[in-house]
Amino acid sequence: MSVENKVEDFSTPIGVHVRNLSVVYETNQGQIPAVNHVDLDIAAGEITGIIGESGSGKSTLAMALMNSVSKPGRITNGSVIVDGIGDMLKISNERQRRVRGKQIGFVFQAAQNSLNPLSRIGHQVLDLGRSHQVGDLRSLLRHARDLLIRLGMDADRVLMSYQHELSGGMRQRVGIMFALVLDARVVILDESTTALDMLSQASVLEIVRELHQERGLTIVLITHDMGVVADLADRIVVMYGGELAEEGPTEDLLRQPQHPYTRGLIRAIPRISGNPDEAIALNGSPPDLQTFAQSGCLFYDRCPDRIAECQAGRPIYKEISDGKKVACYKVDRRD
Amino acid sequence: MALPASKLDPPVNQLVVSKSNPSFWTSSWRIIVKKPGRVIGFIIILLYIFMGLFGPMLYPKQLPIDPNAIYAPISWKYPLGTDFEGTSNLALVITGARYVLFAAFMAAIFTVVFGTVLGLVSGYFLGFSDSVIMRITDFILTIPSFPLLVVLSTVWNFGQPVAMGFVLGITGWGGLARAVRSQTLSLRERGFIEAARSLGLSPMHILMREILPNVGSYIAMNLLLTITGSIYAEVGLFFLGVVPFQVNNWGVMLNLAVFSAGAMSSAQALPYLLSPMLALLILTLGIVLFLDAVDEMFNPRLKEV
Amino acid sequence: MIEVENLTKVYSSKSGIFERQSVRAVRGISFHIPAGGAVSFIGESGCGKTTVGRILAGLESASEGVIRIGGQDVSRVSSKERQALFRTVQLIHQDPYQALNPARSVGQSLLDPLKVMAKTKRVGDSWIRDRANEVLTMVGLDPNSVIHKYPHMLSGGQRQRIVIARALTVEPHVLVADEAVSMIDVSLRLGVLRLLRNLREKLNIALLFITHDVAAARYVGRDGEVHVIYRGLILEKGETDDVIQHPQHPYTQALLSAVPVLKGLEIPGPDRYIPLKEMETREDVETGCLFVSRCPFARDICREKSPLLTGEGHEMACHFAQVRNVVAMPVVAD
């Protein structure tokens, strides 16, 4: 069901480069480092999956990519360089606003409704166009319509609907339409399929996969579900307690996970084939305030392979082979 | 039926040690001292409570008059000046606090009790009781309470603050009942109420133990706000002079200052007019400052780990 | 333990002064769960599976059908007895944060139902305390560290364990777990699933597991049955692994296709098929197969005639039932 889109320049995908990024949350109990000195390259034209539990700082990182961390969070350090645009943290506010939506699209979690409940979807497309100074609103609306059809929906009905008239899966597709209607080159999906059931999730992911291939988008997929990234991403980044634990090409990482946390996450997925008893639950609970205070490896308390060294200090996140990075003393020692 | 628990959390078969949470008072104290504004509000409220309880005991039953110091200006001897008889305005404010505060407190209690109970019952049980209670509530809400008070005061003796409080309360609970009902309506759909029902807990238990704590902060805030509202209402009544002056209070002071002493035109009676106003102002300020802490005190979600 | 025959639920709502709209949420389904057994209902959101769970837990009443709990027909007993019967069926909500009173500590939430139990059992306070500790230990929590905490101080997994512990206080015979792990971090889900499985084995509690996640259903109820439900109707049912390995209904196949494939560890099944259309909820298509608008194999007969459940042991309602290979296969280790 291919639909003719107007010809756009899909030639050069945009990459994002995060350098030494730190975000803290100011609370009564002191500062919580939600993102702690993170270095990350989001390769142009690839699907990068960022996986972490609640409290891993993955959503904060996503917001920081657009420099829209909300209070009481604050970016304290670092840079986010978007190809062809510059440092998101340094350019003017007006420029940032234009970049968001125009170059970088964001799809929110289905639960937090990012759509205005009081106006029709079509109106919201026009509002978006106006705030980005789109001259030809009619063609923008046509473009939105084509996208909605592309996403497998009854476009005319959807454009005339209010958000409450749409199901969760449909709302999520509308969210993707909004992220793409201004031809964003980078799309960030923050837990976009978490609240959906399996079938809606699979169809939304399928659509993301197809759009990625058609348009050469750079996609950042943020989730707590290893299955989602394992199915879709080209590259997986594992976050734990605001720091990166491991990253690598998807197949490599799944076949030979180096960090015990990654291993635990993969093992904790119940499967529909094979022996279900092979699935092993991950120990302990997600990082909390006390975790951040410790000087050693953040994963120490839950780690099945911990050694004495792990308590001494944070392991260094470094490249172990081409394209694979990991922060673990045990891995260091093996070399 | 001992069950080996999962490996990650080794079974601990001990009695529950009473390492309970800090008591309500301890945690409330901690919440109050967190911000200076709350402390100020708290002190002001304490001061007024003290004034209401012991104020009249500090002075002789008949306040001393001083014919040489009629409408005396503010001085060390008369920190708020004096009235038309040369009685200290400060003494008048202090001794006059009891009636005003007690009546307002009673009004707030009546409002909160009626409003909460009726709101909870109609919101939880719905059906017939809901229809009946809500029609009564609508009726109460449509009564303009101030004119009613004016009318009632002609037939009713408001010498007793309880009577005054009762009338203020009986006309004022409508809004609270509606608000509590709507909160109850949304709470009753929540999973934990359904769970309580399917666990076989009684409706009484569900209302008092499950729902009430969740509307607690709202009710407590309403209690304080009703106190200020009632104070204004009764002071207003006395000021208008529709209630016979049986006891000294702030409303009587205002009335006399404006209508007898001519404080609106003569500057010398100004302290007499301003001192009860100041008393009202400070109390309102104290309550507003303290409200900030109330939400946190009654809202467990805001309690610290 | 629990038997259900021809369960039907019709919601009617006023859409105007004279008009009434009715929605058929459950369209006559039958099943039974033996003591300690497991039946999983699998389907999308809005397919009526939650309604089934709520009816069984006594939170809603059925429009039609017979429910027998422990052999007793709930419609033929006094309301007091009915309450007691439904108390043996406890619902585990999807969202543990909603299911726990935010204003009450874990201890308070557990003690209330225990006090009711203690009254009927004529036992004292020490029994209550021991039992509170016992149920908390049973769900894998340390009583000392959680009993004074409020729900907001716990993680999602811990909260769901508390909800399960609270359900255990009334010594239920059946647990209805309605999407019990879908709100929990994936990394913690397995722990809760294993707990449910343990409860079946150790306490002989029957489990009605309602989910959209086939893998979770398989984990807790591999020895039980799977019922695939679509718009209130069972489309396919049978033993768990039989349905998963040999799915015959296109809808079951779509659900199984939706399970993410772990790249590098698995290869997708050759017939993997994900329908991009959303479920039709409008009532105007009533004749023929309910799945017809999303079915890739639909032919004319599917629009005209409703298929009936057929088969022995493994039943399906499809005119063109056929085993297709949609489940991802593990890559042979190299």
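**Entry 1: Leu126(B)**

I began with Leu126(B), which counts as partly exposed at 25% relative accessibility (buried means under 20% relative accessible area, exposed over 50%, partly exposed in between, with a 1.4 Å probe and protein chains only). Leu126(B) is not a glycine, yet I found a positive phi of about 55 degrees there. I placed Leu126(B) in the loop between α3 (89–125) and α4 of chain B (helices, H or I, of at least four residues and strands, E, of at least two are DSSP runs, numbered from the N terminus).

A note to self on the ground rules: this is a predicted model, in which local features need pLDDT of at least 70 and side-chain atom pairs count only at pLDDT 80 or more, while totals for chains, interfaces and linings use all residues. Residues are numbered from 1 along each chain as its sequence is written, chains are lettered from A and ligands numbered from 1 in the order in which they are written, and side-chain values use heavy atoms, with hydrogens and water left out.

**Entry 2: other backbone spots**

I then looked at Arg231(C), a residue other than glycine whose phi is positive, near 50 degrees. Arg231(C) sits in the loop between β9 (225–230) and β10 (233–239) of chain C. Is Arg231(C) buried or exposed? Arg231(C) counts as buried, at 6% relative accessibility.

In chain A, I noted a cis peptide bond between Lys71(A) and Pro72(A), with omega about 0 degrees. Pro72(A) belongs to the loop between α1 (58–65) and β4 (73–82) of chain A.

**Entry 3: Asp130(B)**

Back in chain B, I looked up Asp130(B), in helix α4 (residues 127–142). Asp130(B) is buried, with a relative accessible area of 10%. With neighbours within four places in sequence left aside, Asp130(B) is in contact with Ser122(B) and Arg181(B) (contact means heavy atoms within 4.5 Å).

**Entry 4: salt bridges within chains**

Over all chains, I have 46 salt bridges (a side-chain nitrogen of Lys or Arg within 4 Å of a carboxyl oxygen of Asp or Glu). Side chains of opposite charge can pair when their charged atoms come close.

In chain A, Arg98(A) and Glu94(A) form a salt bridge at 3.4 Å, N to O. The two are 4 residues apart in helix α2 (residues 93–102) of chain A, so about one helical turn separates them. Arg98(A) is partly exposed at 39% relative accessibility, and Glu94(A) is partly exposed with a relative accessible area of 39%.

In chain C, Glu5(C) forms a salt bridge with Arg68(C), with the closest N and O atoms 3.3 Å apart. This pair links distant parts of the chain, 63 residues apart: Glu5(C) is in strand β1 (residues 2–14) and Arg68(C) in strand β4 (residues 64–69). I have Glu5(C) as partly exposed at 38% and Arg68(C) as partly exposed at 22%.

Also in chain C, Arg200(C) and Asp223(C) meet in a salt bridge at 2.9 Å, N to O. Arg200(C) lies in helix α8 and Asp223(C) in the loop between α9 (214–220) and β9, so the pair ties together parts 23 residues apart in sequence. Arg200(C) is buried, at 6%, whereas Asp223(C) is exposed, at 62%.

In chain B, I found a network of salt bridges that links Lys34(B), Lys35(B), Arg38(B), Asp292(B) and Glu296(B).

**Entry 5: chain A against chain C**

How many residues does each chain bring to this contact? Chain A brings 53 residues and chain C brings 45 residues. The two chains bury about 4,100 Å² between them, with 59% of it on carbon and sulfur atoms (buried area is the accessible area, 1.4 Å probe, that two parts lose on being put together, summed over both). Met198(A), Leu199(A) and Ile272(A) supply 21% of the area that chain A buries against chain C, more than any other three residues.

I count 3 salt bridges across this interface. Arg272(C) forms a salt bridge with Asp231(A), with the closest N and O atoms 3.0 Å apart.

**Entry 6: the domains of chain C**

Last, I looked at how chain C is divided: domain 1 takes 2–88 + 172–330 and domain 2 takes 107–166 (the bounds come from an automatic or database domain assignment). Their centres, taken over C-alpha atoms, are 31 Å apart. I found 10 residues of domain 1 in contact with 9 residues of domain 2. The area buried between the two domains of chain C is about 760 Å², and carbon and sulfur atoms give 77% of it. Helix α8 (residues 186–203) of chain C gives the largest share of the side of domain 1 that touches domain 2, 7 residues. I count 0 salt bridges between these domains.
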